[in-house]
Amino acid sequence: MTIDTQRRALMGAAGALALSSMLAFAMDKKPKVRVIKVMAKKFEFVPGEIHVKKGETITLQFTAPEVPMGFNLPDFGARTDIVPGKLATLQLTPAKTGSFTFLCDVFCGSGHEDMNGTLVISE
Ligand SMILES: [Cu+2]
């Protein structure tokens, strides 16, 4: 490879990178992703019931003010750790309707076993 072709390849890569970031930005702007804030505290999720539409893309944004928690939505194979002081996110586009239980899967104290909520997905 000569210096010239190397430089051209490099510029091409830089151009592709710039283009893809522009595309990502444009795509980011179009379909609005609804952000739902969920607080995981001893020993409940707030809100305990989350309502979404089938096919709607949502971003669940978790905080845990007290101790480390977990969010687990088994029916969708979705889970995340929730660590105090850090924002945890989970993006979801449910393709089915129904009521699905989510729960805390990180032991957080005496009420841990009852720490769960419901995701309600309607047509
Ligand atoms: Cu827990």
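**Group meeting: a walk through the strands and the core**

Okay, let's start with burial: of the 123 residues in this chain, 15% are buried. Keep in mind as we go that what you're looking at is a predicted model.

So what is the chain built from? It has nine strands and one helix. If you start at the N terminus, the helix comes up first, and the strands follow it one after another. As for contacts, take the ones with a separation of 6 or more: 61% of them link residues 24 or more positions apart.

Now, the core. The largest nonpolar core is made of 16 residues. Which of them have the most contacts inside it? Those are Ala-40, Phe-62, Met-69, Phe-71, Ile-82 and Cys-104. Four strands each put in at least two residues: E1, which is 34-41, E4, 58-63, E5, 69-73, and E9, 116-122. And E5 is the one that gives the most, three residues.

Let me stay with Phe-62 for a second. Leaving out residues up to four places away in sequence, Phe-62 touches Val-38, Ala-40 and Phe-71, and also Thr-80, Ile-82 and Ala-88.

Right, on to the sheet. Which strands form it, and in what order? There are four, running E2-E1-E4-E7, in an open sheet with mixed pairing. At the edges we have E2, residues 44-46, and E7, residues 88-92, and each of those pairs on one side only. From one strand to the next, the twist averages 25°.

Inside that sheet, have a look at E1 and E4. These two run parallel, and six bridges join them. If you'd like a pair to click on, Ile-36 has Leu-60 in E4 as its bridge partner.

Last stop, strand E9. Which strands does E9 pair with? Strand E3, residues 49-53, pairs with E9 in the parallel sense over five bridges. Strand E8, residues 98-103, pairs with E9 too, in the antiparallel sense, over six bridges. For specific spots, Glu-49 is bridged to Thr-118 in E9, and Leu-103 has Asn-116 in E9 as its partner.

E9 also has two faces to tell apart. On the covered face you find Gly-117, Leu-119 and Ile-121. The uncovered face carries Asn-116, Thr-118, Val-120 and Ser-122. So those two bridge partners we just met, Thr-118 and Asn-116, are both on the uncovered face.

That's it from me, thanks!

Terms used
Residues numbered from 1 in each chain as written. Predicted model: local features only at pLDDT ≥ 70, side-chain atom pairs only at ≥ 80, totals over all residues. Core = buried A, V, L, I, M, F, W, Y, C linked by C-beta atoms within 7 Å. Buried ≥ 20, exposed ≤ 12 C-beta atoms within 10 Å, placed from the backbone. Contact = placed C-beta atoms within 7 Å. Pairing = 2+ DSSP bridges. Axes fitted to C-alpha atoms, helices over the stretch in contact; angles between N-to-C directions.
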